Amino acid sequence: MTEADRQQLVDDHFLFKKGDRFLESCGANRDWPESRGIYHNNEKTFLVWMNEEDQLRIISMQKGGDFSQIFGRLAAGISAIEQSIKKTAGKEFQFNDHLGFIHSCPTNLGTGMRASVHVKIPNVSKLPNFKDICASLNLQPRGVHGEHSEDSSGIFDISNKHRIGFTEVQLVQTMISGVGALIALEKALAAKEAKKATDLILRGCRNTFNFSNCFSSNYNLM
């Protein structure tokens with residue numbers, strides 16, 4: 001891979017960069033970039049990261065809102081990769097009956113499932129309690145350039161907060177419902193409908209709403 005190809009993949013949000021200070025402190029960046037890489041289909045809707053943080057990060061992504069198609073592609077890809085690894089190397093993804101799938105980062109224990117969308121919410125994100133609103137919806141906001149990144153454009157990567165204690169389908173639905181609530185709040189704020197916005201915030205703090213997307217799962221081998 002040429003440096004130009006690598007940078008273009010990074011700029012297009014397909015390829016990871018060298019880890020942040022947290023990964024540096026635990027030694028995850030050692031020997032960078034040796035033994036790291038990416039495989040993807042021609043459409044770049046199915047990607048596999050090699051040795052970024054875990055040994056594998058399997059990603060299904062596309063523009064639009066066809067969550068069923070994205071999730072179906074991810075499930076089929078995970079199954080095919082695991083079957084291939086088991087057949088050729090006799091290995092399986094590390095799994096514990098209590099902790100679920102084992103990952104480098106403890107926050108990914110359980111399903112390892114992170115379902116996310118990039119959404120522009122400039123008004124909502126300016127609220128002083130923006131992160132609290134997201135937390136009440138069981139969501140995690142981050143910049144579009146990855147964890148711990150910041151963004152001033154009003155575009156955020158919004159994903160499910162939890163990984164453990166729920167099924168993959170439940171976590172995807174949490175993301176869909178929560179993002180729908182944030183969009184409704186954004187529209188109310190943009191229209192300067194103060195009462196409606198206040199009602200939405202209060203409702204969001206009590207319960208989760210029923211409302212380019214990316215689903216990914218991380219795995220290590222045993």
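Here are a few notes on the predicted model.

1. Overall make-up. The chain has 222 residues, and 42% of them are buried. Its secondary structure comes to 6 helices and 9 strands. As for the outside, the accessible surface is about 12600 Å², with carbon and sulfur atoms accounting for 53% of that.

2. The S1/S2 hairpin. Strand S1 covers residues 37-40 and strand S2 covers residues 46-50; the two run antiparallel, joined by 4 bridges. If you want a place to start looking, His40 sits opposite Leu47 in S2. Between the two strands are 5 residues, and in that turn Lys44 has a positive phi of about 60 degrees.

3. Ile78 in H3. Helix H3 spans residues 67-89 and includes Ile78. Is Ile78 buried or exposed? Its relative accessible area is 13%, which is under the 20% cut-off, so Ile78 counts as buried. Ile59 is 19 residues away from Ile78 in sequence, and their C-alpha atoms are 9.2 Å apart in space.

4. Aromatics. There are 4 aromatic pairs in the structure. One of them is Phe95 with Phe101: the ring centres are 5.0 Å apart and the planes meet at 70 degrees, so this pair is edge-to-face. The two partners differ in cover: Phe95 is partly exposed at 45% relative accessibility, whereas Phe101 is buried at 17%.

5. A cluster to look at. Which residues form one aromatic cluster? They are Phe16, Trp32 and Trp49. Trp49 also falls within the residue range of strand S2, 46-50.

Key
Residues numbered from 1 in each chain as written. Predicted model: local features only at pLDDT ≥ 70, side-chain atom pairs only at ≥ 80, totals over all residues. Heavy atoms only, no water. Buried < 20%, exposed > 50% of the residue type's maximum accessible area, 1.4 Å probe, protein only. Areas by Shrake-Rupley, 256 points an atom, 1.4 Å probe, with all protein chains shown as cover. Pairing = 2+ DSSP bridges. Phe/Tyr/Trp six-rings, centres within 6.5 Å; stacked < 30°, edge-to-face > 60°.
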